[in-house]
Amino acid sequence: MTSPAWELDRAAAAQALEVLKSAKNVCFPTHQNVDADGVSSALAMLKALRQLGGNGFVLISDGRFPRYLSFLPYSNEVVIYGKDELPDYDMLCMVDCSDQRRLGKFYTDDPERIDGDTPIVNIDHHVTNDRYGIVNIVEPRAAAAAEIATHILEVWGITFDLPLAQLLLAGIYGDTLGLRTDNTTARTIRTAADLVDVGADPARISDVLFRIKSASTVCLWSRALEGVSWQGSLLYTEVTRRLLADCNADASEAENLVNFLTGTEGSFLSAILYENESGWRVSMRTLTPNVDVAAIAAHFGGGGHPKAAGCQITGGIAERDAFLRTASELATEQASS
Ligand SMILES: [Mn+2]
């Protein structure tokens, strides 16, 4: 058999536990526009920490908990920033956060929360993560933060029960689109199989993440598909606040639309532009060899993975159009390199 794609730094995993247990209460803030991996991996780490005598809470830092994620075990225990009372905490554990400041209002309301003296434990799989913690477990070859979390919990000696397995498999499935993306390794699949052995239900997770949808989602997709446009090699559509209101939909309901657009013949990358207060939040994907959307996102101050990344465009129509042109040109250059 071949060796695994990557090895967990077991000393760092043990050190993370020691540090996290030394805190009275650990805040696990999720990245803005949280997804299955962000919530699941943080909740799993928290549950394990509690089993070992530590304490903490998961914070939805931008105040928006996507409805479809309420199937996750323990999701009713998350603290929603701006809605629930924020408990006292003396440490941060950031899981799946490539940038410690992309936390929505939890950060912008008081940057000292991140930039002050509170120690940070950093567990992530984004290639753009700059290792901002006092302990860093950053493994870009892992397909999901939940894949790293599974192996950390093994080092911690946690007994996996059904809810924990379901959480971790949901994180892995979310980021790999059900073990289908190019960062899915043999190790990812073995880890997923181990979680299924404990009782995780892959069919249920696939249904909730990829198949079951509300009528508002179909409304949103049909209108957004009508607006699909080309800019050179870039295929994109906009999700305006008006459109979300018309369909009574949440922006998270459009997340899989960018995956649907990706792979369209003639395109090198696809994007969804979500209108927001300061301009547009952009979500990008590619299936084209050599095209690196993390690098394109980084060009605009964002980040992510080589095949899935995002950034914020601040400004108006001129800035948006400049982004579209530049992103298309960068992708065309990369594809021919
Ligand atoms: Mn992730």
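**Figure 1. Strands β1 and β4 pair in the parallel sense over two bridges.** In this predicted model, Cys27 has Leu92 of β4 as its bridge partner. Strand β4 covers residues 91–95, and β1 covers 26–29. Both belong to an open sheet of six strands, ordered β3-β2-β1-β4-β5-β6. The pairing in this sheet is parallel. β3 (79–80) and β6 (135–138) stand at the edges. Each has a single partner strand, so one side of each is left without a neighbour in the sheet.

**Figure 2. Helix α2 lies across β1, β2 and β4.** The helix spans residues 36–51, and β2 spans 56–60. α2 runs at about 170° to β2. The loop between β1 and α2 holds Asn33. Asn33 is not a glycine, yet has a positive phi of about 50°. How many C-beta neighbours does Asn33 have inside 10 Å? There are 18, so Asn33 counts as partly exposed; the threshold for a buried residue is 20 or more.

**Figure 3. Helix α5 lies across β4, β5 and β6.** The direction of α5 makes about 115° with β5 (120–124). Helix α5 itself covers residues 145–155. Is this helix mostly covered or mostly open? It is mostly covered: nine of its 11 residues are buried. The buried residues run from Ala145, Ala146, Glu147 and Ile148 through Ala149, Thr150 and His151 to Ile152 and Leu153. Charged Glu147 is thus listed with nonpolar residues such as Ile148 and Leu153. Just after α5, Gly157 takes a positive phi of about 80°.

**Figure 4. Leu179 sits in the loop between α6 and α7.** Helix α6 spans 162–176, and α7 spans 186–198. Leu179 is not a glycine, but its phi is positive, at about 60°. Within 10 Å lie 16 other C-beta atoms, so Leu179 is partly exposed.

**Figure 5. A second view of sheet structure shows six strands in the order β7-β8-β9-β10-β12-β11.** This sheet is open, and its pairing is mixed. Strands β7 (229–231) and β11 (303–304) form the edges, each pairing on one side only. β11 pairs with β12 in the antiparallel sense, over two bridges. Gly303 stands opposite Gly310 of β12. Helix α13 (residues 317–335) packs on the sheet. This helix touches β7, β8 (234–239), β9, β10 and β12. Its direction makes about 150° with that of β8.

**Figure 6. Strand β10 pairs with β9 and with β12.** β9 (residues 269–276) and β10 run antiparallel, joined by seven bridges. Two residues separate them in a hairpin. Which residue of β10 is the bridge partner of Ile272? The partner is Ser283. β10 also pairs with β12 (residues 308–314), again over seven bridges and in the antiparallel sense. There, Gly279 has Thr314 as its bridge partner. Strand β10 (residues 279–285) is mostly covered, with five of its seven residues buried.

**Figure 7. Domain 1 and domain 2 meet through a set of residue contacts.** The domain assignment places domain 1 at 10–209 and domain 2 at 215–335. Their centres, taken over C-alpha atoms, are 25 Å apart. In the contact region, 13 residues of domain 1 touch 10 residues of domain 2. What classes of residue make up the side of domain 1 that touches domain 2? Four are nonpolar, six are polar and three are charged.

**Figure 8. The whole chain, with 13 helices and 12 strands, sets the close-ups in context.** Along its principal axes the C-alpha trace spans about 55 × 50 × 40 Å. A compact globule of 337 residues would have a radius of gyration near 20 Å; the chain has 19 Å, which agrees. Of the 337 residues, 47% count as buried. Among contacts between residues at least 6 apart in sequence, 67% join residues at least 24 apart.

Conventions: Residues are numbered from 1 along each chain as its sequence is written. This is a predicted model: local features need pLDDT of at least 70, side-chain atom pairs count only at pLDDT 80 or more; totals for chains, interfaces and linings use all residues. Helices (H or I, at least four residues) and strands (E, at least two) are DSSP runs, numbered from the N terminus. The radius of gyration is taken over C-alpha atoms; the globule rule is 2.2 Å times the number of residues to the power 0.38. A residue is buried if 20 or more other C-beta atoms lie within 10 Å of its own, exposed if 12 or fewer, and partly exposed in between; C-beta atoms are placed from the backbone. Two residues are in contact if their C-beta atoms, placed from the backbone, lie within 7 Å. Domain bounds come from an automatic or database domain assignment. Two strands pair if DSSP finds at least two bridges between them. Axes are lines fitted to C-alpha atoms, for helices over the stretch in contact, and angles run from 0 to 180 degrees between N-to-C directions.
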